[in-house]
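Biologist: I should like a close look at one part of this model, the charged side chains that pair with one another. Please begin there and then set that part in its wider surroundings.

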Amino acid sequence: MTLDTAPPPTRTTAVAPVRSRPRRGPGRFGVHAFLMAVSLAFLAPLILAVYASLRPYEETSEHGYFSWPDNLSLDYYQQAFTDSGMTKYFVNTLIIAVPGVLLALFFASFVAFAVARLRLRGSIVLLMLFTAGNLLPQQVIVTPLYVLFNRIPLPYWMSDSMTMFDSYWAVVLVQTGFQIGFCVFVLANFMRTLPQEILEAAIVDGAGVWTQYWRVTLPLCRPALAALGTLQFTWMYNDFLWALVFISDGDKLPITSALNNLRGQFFTDYNLLAAGSVIVALPTLVVFLLLQRHFIAGLTLGSTKG
Amino acid sequence: MREREAPPVPTRTVGRRRRFTRRDAGVIGVLLGIPVLLDVFVVWGPTLASVVLSFTSWDGIGDISWVGTDNYENLFTNYPAFWPAVRHNVLWLAFLGLVSTPFGLLLAVLVDRGVRFSRFYQSALYMPVVLSLAVVGFIAQLVFSRDQGALNAVLGGGTNPTDWLGDPDLNIWMILLAAAWRHTGYVMILYLAGLKAVDPALKEAAAIDGASERQTFFRVVLPTLRPVNIIVGVITVIEALRAFDIVYAVNKGRNGLELLSVLVTDNIIGEASRIGFGSAIAVVLLLVSMGFVVTFLVQEMRGEKNR
């Protein structure tokens, strides 16, 4: 490539806009070599996992994962879906993550609205309560919740274990409650950047709190909500601990925690595990590649203001 | 609080005059009440309960009896897994903070210089972040496993290959590499966003004053990244304290991979069910993290007032 032809800034991403100012010098090549090497090193483990999942165990146990293939097949994927019932675990994940994301966004957006727009007394305390709550290590709250959920009875139609423990309700509740904190923090920051005049105009027109929130503020927050939704779905999908602790019935585990089921007690077929890992990773990778802009926006909304 | 001190601004009175009909109060009560209750029920209540339970010898079933600070004394003096776990958590923090985070900043600066293919670099470096740490743990096994792992194949291990994940002196470093794989991309994306927000006029002014690129970065750009630095710092600390999934996926956090979070989990879902003792470990985690969280919040709220 020639150094002088700086690429025209056609596809500016949300994060790294292509600078039009051309740079020259020997450093340029070094930067490329370095970034390319690091990028490949970062991608290598993923590629290795995909590669391992396509090869039979006998072959890799003889020649190692780092060898030329004799035969490649999708057998392990088929096995993961048929014998190990990955579909079921996917459904479990959706049962937990979809309500989790929606509830967290709904409640957090109202709290953020109240904190950022209503100028209630004690707003800052409220904001701190939620923000700090999300930053606590999960293990601090796991023990009492475990005990508590074991003692909260639920009717049979809600939970076949008859308690909150070992039910989807427990995991949805904890996911929602825990993640509201992050969403409040991000949305409150976002809502502060909205012009106050719009809200004032609505108030003059006689809009109540609900209208100010639902009809005036929320539509303006659509980009932030999309970004947060993407991010939250990935996080809830990736969660490992909550389901591990609050669900004891293996059939109810979400997909990330169920990955352990592919591990045998005495013999572990790592190629099957690799296939399982790829299956688990695929949805988040697809979400990331399709919604990269939203995804990154969600992470950075909370960190850089304005 | 600051409400009362502030002089009534004209715009404020619009809100004040028709402040909150009964319907409004109802909406606020319900929609603010539910999340607050949920937060108290799921987060703050249990946190408080952990502190209280840490002074008991409860096993989760029988009566709760107070044992004062016995759990803590046992923890510090005769629980063999405790100090290794503390060391590992500190190591985790140091590695992410001193290696992974600066590396992420370096990558962000390089990508931000507007090189070609920056979109590709950015995606490649960021990709591990969307993976579950459990998946990262499994992938680590493919790379580091003794007999068939890719690393030993590259190094040509010979007849006596290194057991990267089985050797208790070695495995924590390999796991740290795997954790850093994810953390670096996360940090990079936060800094990229921060760098984008830096006013180019600042850099130009520095260049006109004859500052070198290095001087410009350290004296001009880095100080303006302060809010990002704080966020990155908090994330690094929290990640280091929360670390759990990855070691649990590899070997359930045993044999050289002990972490405080693993000890808590072991004490409640194991056969032992030592709720009181597990809570004491959790409280240690809580105290350490609260130190950082409070610092962060004070910064945040100070910014809030200047807004």
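**A salt-bridge network and its setting**

Modeller: In this predicted model, salt bridges link Asp160(A), Asp166(A) and Lys252(A) into a network. Within that network, Asp166(A) pairs with Lys252(A), and their closest N and O atoms are 3.5 Å apart. The pair joins distant parts of the chain: Asp166(A) sits in the loop between α6 (138-151) and α7 (168-192) of chain A, whereas Lys252(A) sits in the loop between α11 (241-246) and α12 (255-258) of chain A, 86 residues away. Asp166(A) and Lys252(A) are both buried. As general background, side chains of opposite charge can pair when their charged atoms come close.

The loop between α6 and α7 of chain A also holds Met162(A). The phi of Met162(A) is near 65°, a positive value in a residue other than glycine. Met162(A) counts as partly exposed because its relative accessibility is 43%. The loop that carries the buried Asp166(A) thus also carries a partly exposed residue, Met162(A).

Another positive phi in a residue other than glycine belongs to Arg119(A), with a value near 55°. Arg119(A) is placed in the loop between α4 (86-117) and α5 (123-135) of chain A. With a relative accessible area of 34%, Arg119(A) is partly exposed.

Over all chains, the count of salt bridges comes to six. Another of them in chain A brings together the side chains of Glu59(A) and Arg55(A), with an N to O distance of 2.8 Å. Glu59(A) and Arg55(A) are both buried.

Chain B offers a further example, in which Arg113(B) forms a salt bridge with Glu213(B) and the closest N and O atoms are 3.3 Å apart. Here too distant parts of the chain are linked, with Arg113(B) in the loop between α5 and α6 of chain B and Glu213(B) in helix α11 (residues 213-224) of chain B, 100 residues apart. Arg113(B) is partly exposed because its relative accessibility is 26%. Glu213(B) is likewise partly exposed, at 49%. Buried means under 20% relative accessible area, so neither value falls in that class.

The loop between α5 (82-112) and α6 (118-126) of chain B also contains Phe117(B). At 44% relative accessibility, Phe117(B) counts as partly exposed. Phe117(B) and Phe120(B) join Met36(A) and Leu40(A) in a nonpolar surface patch of about 360 Å². The patch therefore draws its residues from chain A and chain B.

The two chains meet in a contact that takes 116 residues from chain A and 109 residues from chain B. The size of an interface is often given as the accessible area lost when the parts come together. Between chain A and chain B the buried area is about 10,800 Å², and carbon and sulfur atoms give 73% of that area. On the side of chain A, Phe42(A), Leu135(A) and Gln139(A) lose the most area to chain B, together 7% of what that side buries. Helix α1 (residues 27-53) of chain A gives the most to the side that touches chain B, with 15 residues. Zero salt bridges are counted between chain A and chain B, whereas twelve residue pairs are in polar contact there, both residues having pLDDT 80 or more.

Chain B itself has 15 helices and zero strands. Of its 307 residues, 51% count as buried. Among contacts in chain B between residues at least 6 apart in sequence, 66% join residues at least 24 apart. The accessible surface of chain B comes to about 14,100 Å², and 62% of that surface belongs to carbon and sulfur atoms.

One helix of chain B shows particular features at its start and just after its end. Asp199(B) caps the N-terminal end of helix α10 (residues 200-208) of chain B, with a side-chain oxygen 3.1 Å from the backbone nitrogen of Ala201(B). Just after α10(B), Gly210(B) adopts a positive phi of about 85°.

To return to the part requested, the network comprises Asp160(A), Asp166(A) and Lys252(A), and the Asp166(A) and Lys252(A) pair within it connects two loops of chain A that lie 86 residues apart at these positions.

Note on methods
Residues are numbered from 1 along each chain as its sequence is written. Chains are lettered from A and ligands numbered from 1 in the order in which they are written. This is a predicted model: local features need pLDDT of at least 70, side-chain atom pairs count only at pLDDT 80 or more; totals for chains, interfaces and linings use all residues. Side-chain values use heavy atoms; hydrogens and water are left out. Patches are made of residues with over 30% relative accessible area and no salt bridge: like charges are joined within 9 Å, nonpolar side chains (Val, Leu, Ile, Met, Phe, Trp, Tyr) within 5 Å. Accessible areas come from the Shrake-Rupley method with a 1.4 Å probe; for residues, only the protein chains shown count as cover. A salt bridge is a side-chain nitrogen of Lys or Arg within 4 Å of a carboxyl oxygen of Asp or Glu. Helices (H or I, at least four residues) and strands (E, at least two) are DSSP runs, numbered from the N terminus. Buried means under 20% relative accessible area, exposed over 50%, partly exposed in between (1.4 Å probe, protein chains only). Contact means heavy atoms within 4.5 Å. Buried area is the accessible area (1.4 Å probe) that two parts lose on being put together, summed over both. A polar contact is a pair of N or O atoms within 3.5 Å; within protein, one must be able to donate a hydrogen and the other to accept it, and residues adjacent in sequence count only if both atoms are side-chain atoms.
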